[in-house]
2 protein chains.
Amino acid sequence: MSKQAQPSYPIHELLAKRWSPYWYDERPVKAEDLRSIFEAARWAASSYNEQPWRFIVATKDQPEQYAKVLSVLVEANQAWAQRAPVLVLGVIGRNFERNGKPNKAAEHDLGLAAASLTLEATARGLHVHQMIGLDPEKGRSVFGVPAGFEVLTALAIGYAADPAQAPEALRGRDTAPRGRKPLSEIVFGGTWGQVSSAVK
Amino acid sequence: MSKQAQPSYPIHELLAKRWSPYWYDERPVKAEDLRSIFEAARWAASSYNEQPWRFIVATKDQPEQYAKVLSVLVEANQAWAQRAPVLVLGVIGRNFERNGKPNKAAEHDLGLAAASLTLEATARGLHVHQMIGLDPEKGRSVFGVPAGFEVLTALAIGYAADPAQAPEALRGRDTAPRGRKPLSEIVFGGTWGQVSSAVK
């Protein structure tokens, strides 16, 4: 079983290796790995260097904090994510600190930081599975997230386990081949829908 | 001059090397590099594997297409971005293809794809500078972007040039030291504003 991407053109091995497991090993994540994962997020690019991302982290050896993060996820995500040794909420600041104006890039820039975090995790043999299925208002009340900030995503971080040991519903997800739209459907040139010469 | 990040904890060298120049060399980007850059974006994660990202690409050897992309940027970005050999618009699909419902992750997931693209570019000695300063409605009319899609970002791609040759206003930006909030301000545990033990 390999979830390695099958790219049409060569890409960096860490990008090809990355995938989002449902079935995690319960082995904890080393403290030094976790620090470097968040350090990687920290150095992401952002509009006006606003760094609109915040993270709320819980590890399984903090059962009360872990349960709080888990409670913010929708039930379907709780079902599998509770195996992961680390759960994280991804939070955005909606407005620029310097002038209070709306930051149109906030969600996008959390994505940039999350991808950096994921790359660092992948380089350390870890996996990250991101979720949008959660209750932002529950996150706000459980953690006291202030106005102007919003819980947008959750991330399960840990080591992928052998899906042969997983319940059938999850096993299928973790062994299914990976697929993507062809480049001709996502990279245009000149006008919408016209395949860019860059990818022909 | 080095814009290498100064991380507090070790991070992958491609993440530390990445930065967003204002002053580009006019050397073109090789066709094979450009293909791999978009291939990297293609394999990013997304909610329900929706892949809400689309890209509109123009290279400088296509002057008409390049001018069209450039025209979508705000003037302050046009001023420096017009040196880059490749300009790209980042577009999101607002709704899921399979049921037409709003995709709350669309902007975030374009960020994931853009970060993958940027990592691939960095691995190939290239740089990417992302922008949110553009006119989405102009992008829609210039390229015929259909309802349900929206131009969100632009990306200048190329080789960073020696800032000593840049006009003074840009030189300062490309030589200024890089800074980020400390981890203690962005990674919380237990409750909002309390530094996570993971980064202490």
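**Exercise 1. Find the neighbours of strand S2(B).**

Let's start in the middle of things: S2(B) and strand S4 (residues 149–158) of chain B run antiparallel, joined by eight bridges. Keep in mind that you're looking at a predicted model. Your task: work out which residue in S4(B) is the bridge partner of Gly93(B), and which strand is joined to S2(B) by seven bridges.

*Solution.*
- Step 1: go to Gly93(B) and look across to S4(B); there you'll meet Phe149(B), its bridge partner.
- Step 2: now look for the seven bridges. They lead to strand S1 (residues 53–59) of chain B, which is antiparallel to S2(B).
- Step 3: pick out one pair here, with Phe55(B) standing opposite Gly90(B).

**Exercise 2. Decide whether the faces of S2(B) are covered, and say why the strand is largely enclosed.**

*Solution.*
- Step 1: take one side, with Val86(B), Val88(B), Gly90(B) and Ile92(B); they're all buried.
- Step 2: flip to the other side, where Leu87(B), Leu89(B), Val91(B) and Gly93(B) are buried too.
- Step 3: put it together. Eight of the eight residues in S2(B) (residues 86–93) are buried, so the rest of the structure largely encloses this strand.

**Exercise 3. Describe the side of chain A that touches chain B.**

*Solution.*
- Step 1: check the contacts: 64 residues of chain A meet 64 residues of chain B.
- Step 2: find the largest share. That's H5(A), with twelve residues.
- Step 3: sort the chain A side by type, and you get 36 nonpolar, 18 polar and ten charged residues.
- Step 4: look for strands pairing across the chains. S1(A) runs parallel to strand S5 (residues 187–188) of chain B, with two bridges, and Phe55(A) sits opposite Val187(B).

Note on methods
Residues numbered from 1 in each chain as written. Chains lettered and ligands numbered in written order. Predicted model: local features only at pLDDT ≥ 70, side-chain atom pairs only at ≥ 80, totals over all residues. Buried ≥ 20, exposed ≤ 12 C-beta atoms within 10 Å, placed from the backbone. Helix = DSSP H or I, 4+ residues; strand = E, 2+ residues; numbered from the N terminus. Pairing = 2+ DSSP bridges. Contact = placed C-beta atoms within 7 Å. Nonpolar A, V, L, I, M, F, W, Y, C, P; charged D, E, K, R; others polar.
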